[in-house]
Amino acid sequence: MTTQEMPSAVQEIAAGYAFTGPALELGAVLLDGAAYPGAQVRIPLGVLNRHGLVAGATGTGKTKTLQLMAEQLSAQGVPVFLADIKGDVSGISTPGAVNDKVTTRAGEVGQQWQGQGFPTEFYALGGLGTGIPLRATVTSFGPLLLAKVLELNETQESSLGLIFHFADKNGLELYDLKDLSAVISFLTSPEGKEQLKGIGGLSSATAGVILRSLTVLENEGAGAFFGEPEFDTAELLRTAPDGRGVVSVLELPAVQDRPRLFSTFLMWLLADLYQELPEVGDLDRPKLVFFFDEAHLLFKGASKGFLEAITQTVRLIRSKAVGIFFVTQTPKDVPADVLAQLGNRVQHALRAFTPDDAKALKATVSTFPKSTYDLTEVLTQLGTGEAVVTVLSEKGAPTPVAATRLRAPQSLMGPVEEAALRAAVEGSALTARYRDAVDRESAYEKLAARGAPEPSVAEPEPEPEAKPTEEGGGLLGSLLSNPMLKSFARSAGTQLGREISRNLFGTSRRRR
């Protein structure tokens with residue numbers, strides 16, 4: 001069918017996606033149940049640092065959309081990071097097998113399909129599962145992200161920030177959880193209380209809560225994540241010898257029951273990248289595209305200070321040529337300030353079985369530009385592998401809303417065999433660098449040498465209520481109003497040699 005033979009509505013949509021530069025090919029325009037392969041829906045590579053959202057109900061094809069986009073990014077020399085929650089994405093390393101469904105889909109959308117695998121590295125948090133171990137030191141992770149993992153309230157967040165500051169100032173390295181526990185116990189001892197006298201202190205109740213939370217975290221096996229060697233996020237920016245971008249897959253099935261840990265860890269990766277990468281502005285293609293799966297877990301129960309830090313990081317990392325796609329069920333899972341920064345949208349089907357579902361559907365429709373579609377109807381009738389798309393054009397303007405039948409991934413749509421996964425990990429040049437944990441002298445050993453008390457868990461006591469300050473709530477406001485940190489700020493110029501600099505999340509700048 002020629003362009004002239006297509007319905008006028010399809011022609012108008014197709015014109016909005018006729019980009020001249022490199023782009024990701026998503027699929028063909030869908031109208032009244034028919035796909036039009038002559039009307040292709042695409043995303044320009046140059047706008048991927050404006051971020052995006054992939055949303056939809058369970059089973060509608062979000063994972064395959066991530067796989068499709070990751071393949072094309074890799075093929076065009078752009079590194080990709082994917083979090084594999086269920087173990088479904090490992091197949092991206094292996095060529096897909098042709099079958100009737102793939103052949104039919106390719107014909108419907110005008111795709112020249114050929115099975116192909118892509119250069120892939122497999123990672124696992126702290127070595128929990130099959131993958132190159134990813135670790136971060138406690139001090140690099142920072143107080144705000146750790147407070148999120150430990151589910152601390154704002155008062156406890158503030159105290160944790162003070163603990164980190166004390167450790168930084170006194171040369172007590174926080175590499176693993178036992179280091180942090182040792183510092184907390186010391187600060188509640190007579191000697192530690194004396195050192196904090198006059199500049200604020202740490203109540204035994206708050207110390208007890210934090211220590212108990214650390215114990216629970218360690219008992220769940222998450223302690224293996226904190227320590228050395230710390231992962232260098234520059235590894236995520238590599239390309240293969242043939243010029244294709246490396247796809248970094250974080251295997252998470254082994255920690256599915258600890259969603260707060262892995263969602264917060266993904267934010268640590270972004271915070272570290274933000275600190276380390278130079279400002280480059282808008283490039284013709286991003287340096288990295290980061291897919292943040294199960295994004296609602298990051299925002300659920302988050303403090304005001306944490307949400308502000310996420311919003312700032314998402315806004316500012318664009319200038320570092322990093323694109324972020326949040327993956328979740330509905331746009332309402334993402335705070336409005338973050339959602340406003342997501343210029344590229346791929347919305348899979350939504351279900352409206354309950355009044356709450358109907359509200360979510362209405363809210364989703366309201367976030368799209370006006371279109372010729374009845375989106376309330378279309379979004380409930382889309383099939384698996386179909387989505388409503390609107391992205392930013394090369395000039396930064398929104399494209400027409402396009403119901404789209406998506407292309408089929410060229411790699412294996414499912415997990416690789418465990419033996420193949422283990423072989424890929426063992427064959428990686430990174431395995432020798434990160435496989436074995438290292439326990440250097442740090443706060444625990446230094447305090448033990450001074451005869452400091454062993455870490456212990458205090459009995460529960462009533463917690464004081466968090467009081468708002470004129471300088472803002474949460475960790476940020478509490479720290480800014482703390483006389484100890486105000487004094488630190490005034491003397492920062494003379495302390496740079498001993499003090500660790502921290503960014504919006506309280507994560508430390510890596511020392512290379």
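A residue is called buried here when its relative accessible area is under 20%, exposed when over 50%, and partly exposed in between (1.4 Å probe, protein chains only). The model on your screen is predicted, so to speak of local features pLDDT of at least 70 is needed, side-chain atom pairs count only at pLDDT 80 or more, and totals for chains, interfaces and linings use all residues. Residues are numbered from 1 along each chain as its sequence is written, and side-chain values use heavy atoms, with hydrogens and water left out.

**Stop one: helix α9.** Select residues 204-219, the 16 residues of α9; helices are DSSP runs (H or I, at least four residues) and strands are runs of E (at least two), numbered from the N terminus. Now colour Ala205, Val209, Leu214 and Leu217, which are among the buried residues of α9. Show α5 (143-150), α6 (154-169) and α7 (177-187) too, since the buried residues of α9 pack against them. Just after the helix, click Gly221, whose phi is positive, near 90 degrees.

**Stop two: the largest pocket.** Select Thr60, Gly61, Lys62, Thr63 and Lys64, which lie nearest the centre of this pocket. Its lining numbers 35 residues, those with an atom within 4 Å of a point on a 1 Å grid; a pocket is an open set of points with protein on both sides within 12 Å along at least five of seven lines, whereas in a cavity a 1.4 Å probe fits but cannot get out. Add α2 (62-75), which gives the largest share of the lining, six residues.

**Stop three: the second largest cavity.** Finish with Leu45, Asn49, Asp282 and Arg285, which are among the residues lining this cavity.

Terms used
Expected span 1.5 Å × (residues − 1). Contact = heavy atoms within 4.5 Å.
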